[in-house]
There are 2 protein chains.
Amino acid sequence: MTALHRRRVVALIAASPLSGLARAQSSPAAEPLPSWQDGPARARILAFVKAVTEPGGREFVPVPERIAVFDNDGTLWAEQPVYVQGLFIADRIRAMSATRPEWKTKEPYASLLRGDLKALAAGGEHAIAQLAMATHAGMSSDAFSKIVEDWLLTARHPKTGRPYTEMVYVPMLELLAYLRENGFKTFIVSGGGIEFMRPWTERIYGIPPEQVIGSTIRTKYELRDGQPVLVRLPEIDFVDDKAGKPVGILRHIGRRPIAAFGNSDGDLQMLQWTAAGPGARLAAIVRHTDAVREWEYDRASKVGRLDKALGEAAARGWTVIDMKRDWRRVFAFDAR
Amino acid sequence: MTALHRRRVVALIAASPLSGLARAQSSPAAEPLPSWQDGPARARILAFVKAVTEPGGREFVPVPERIAVFDNDGTLWAEQPVYVQGLFIADRIRAMSATRPEWKTKEPYASLLRGDLKALAAGGEHAIAQLAMATHAGMSSDAFSKIVEDWLLTARHPKTGRPYTEMVYVPMLELLAYLRENGFKTFIVSGGGIEFMRPWTERIYGIPPEQVIGSTIRTKYELRDGQPVLVRLPEIDFVDDKAGKPVGILRHIGRRPIAAFGNSDGDLQMLQWTAAGPGARLAAIVRHTDAVREWEYDRASKVGRLDKALGEAAARGWTVIDMKRDWRRVFAFDAR
């Protein structure tokens, strides 16, 4: 990031309602989780934290082992109507098409540029992968971070018109801060691209890049004019989704979390892996039940489908966070 | 780890001279780096830390960006006469051969079991990889951690007769603690196996598993009798050496370190990558110059060969830590 660019980013954050929120949350004297209704989900979170932090308690967990993992899309920020990274890909293809005239007649670019999402969907996963690689590979890791930062400065959510960095759930920001105040280390474990998240997770969630786990493409170290660069290659390296999530957790963290939060079937194995460890465990699902303030979806949804994991939550007694019932507020810009 | 096993490990640590040492180091009032001679290497380390931590200073670096990376073998602990992980492999093959009678006549196992290292070397890298997979794969990640823990309880260094966990360099332990006292986050970036290091890095170096980067084999998540396990597969996933080190750093940390410490050509790219960033940088090489207290080796050595990186250190003005000249003490068990 250049100094000028950094100043622009800092100015954007300072103007955001979230920056004040983050400060307010860090006061340990205040009642915890103020945006949560006084219901069963909040009660179970508080009871779990009390159990693992009470010195001499039967379920006490030493600070270094207090690891909490969070899915990102649909768990920390909104994923409807389309994953944010999908919108990034579409915007980038449009921006890049100015210097790629051949894309106007070449699939899958042509369908996307015409706005023909049906034709695009017909291309299946292969078409999506092609678009992802065209927008995510071919540059250095530093250059890609800057592209993401720049995009976030101007991109707006198609429904709310808000920057994506305001589409985060206030109750989850409070939860992240509350866990950290209680000695937890908080990690993101997302199916999304690791380098797509890292440029902004620290200032939005208070989660530094080294605590972000996600899907990766291959990178290659090389010297260009004597300067070392890490070049992003158009080749999938690791998919941090479903059964990949516990694998990503092992690789990056090296020990089993004691708390996990997800919202879809992509999080099932992460929740299983976390819940199966010894001692007190918190496995929780954020359920999208609020059609007014957010979206209402589960089994039938293409984005964030929640089916098997909901069944397992019921069978195993995991915590279900019902957005409509459990959250007083969803977004910072909601009327209070 | 079972409760009994944990108690045994704790008992071993409590009896170790290192545990007292770790406490002594953490006193910020004491003069920093007491086991270092008052020479150029120590002076450069102190000057660097002063520059990046001085509030309002021209080279000030915010705490979250104070990332320091350390190679392990030959940088934090001894790597002669053979990498510790190599000795682990040999010991495990011998132990496992009790239930594998076919190994007595099957290469490369037979050569190892006969102690015929020349024949083994003739098998090349392929033979070594076979032995590594036989000892590192086929069990769950939890079971492998326990195997490593158990081995460290009884294994002894072939020259000194000490546990390997005492073969760590006291000046480097002091350096790790000193950097952390100054807001640095310390990481290991090693060519060694990530799961071979994680069981002990926290208690020996104060580096938690999530700050250990190393080579990996593939793991697979599966349910066995309804219980989730991560199974280690006999397949290389990532080699965290040479040009792999900056790639591993990007993947795990997501930002460029400002300080890096290595000792061999395997660390060259990590040092280049660190040194090439903007602002104050510390790139340092531990040079093995002390045939009496440790070992004396560089260009001609098979283990820890230091050739190109030493040339680049001279050309670019990197810091060379000369063990014989710069360290008052090497190991905790040395006479003072």
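**Exercise 1.** In this predicted model, find where K242(B) sits and decide whether K242(B) is buried, exposed or partly exposed.

*Solution.* Start with the place: K242(B) lies in the loop between β4 (227-238) and α11 (244-252) of chain B. Next, look at the backbone, where K242(B) has a positive phi of about 50° although it is not a glycine. Now count neighbours: K242(B) has 17 other C-beta atoms within 10 Å. Buried needs 20 or more and exposed 12 or fewer, so K242(B) is partly exposed.

**Exercise 2.** Do the same for L33(B): where is L33(B) found, and is L33(B) buried or exposed?

*Solution.* Go to the loop between α2 (17-25) and α3 (40-53) of chain B, which holds L33(B). L33(B) is not a glycine, yet its phi is positive, about 55°. L33(B) counts as buried because it has 22 C-beta neighbours inside 10 Å.

**Exercise 3.** Which residue does a cis peptide bond join to E107(A), and which to E107(B)?

*Solution.* In chain A, the partner is P108(A), with omega about 0°. P108(A) is in the loop between α4 (84-96) and α5 (109-114) of chain A. In chain B, E107(B) is joined to P108(B), again with omega about 0°. P108(B) is in the loop between α4 (84-96) and α5 (109-114) of chain B.

**Exercise 4.** How many residues does each chain bring to the contact, and which element of chain A gives the most?

*Solution.* Chain A brings 27 residues and chain B brings 27 residues. On the chain A side, the elements giving two or more residues include α10 (194-205), β3 (212-224) and α12 (268-275). α11(A) gives the most, with five residues. Finally, sort that side by class: 14 residues are nonpolar, eight polar and five charged.

Note on methods
Residues numbered from 1 in each chain as written. Chains lettered and ligands numbered in written order. Predicted model: local features only at pLDDT ≥ 70, side-chain atom pairs only at ≥ 80, totals over all residues. Contact = placed C-beta atoms within 7 Å. Helix = DSSP H or I, 4+ residues; strand = E, 2+ residues; numbered from the N terminus. Nonpolar A, V, L, I, M, F, W, Y, C, P; charged D, E, K, R; others polar.
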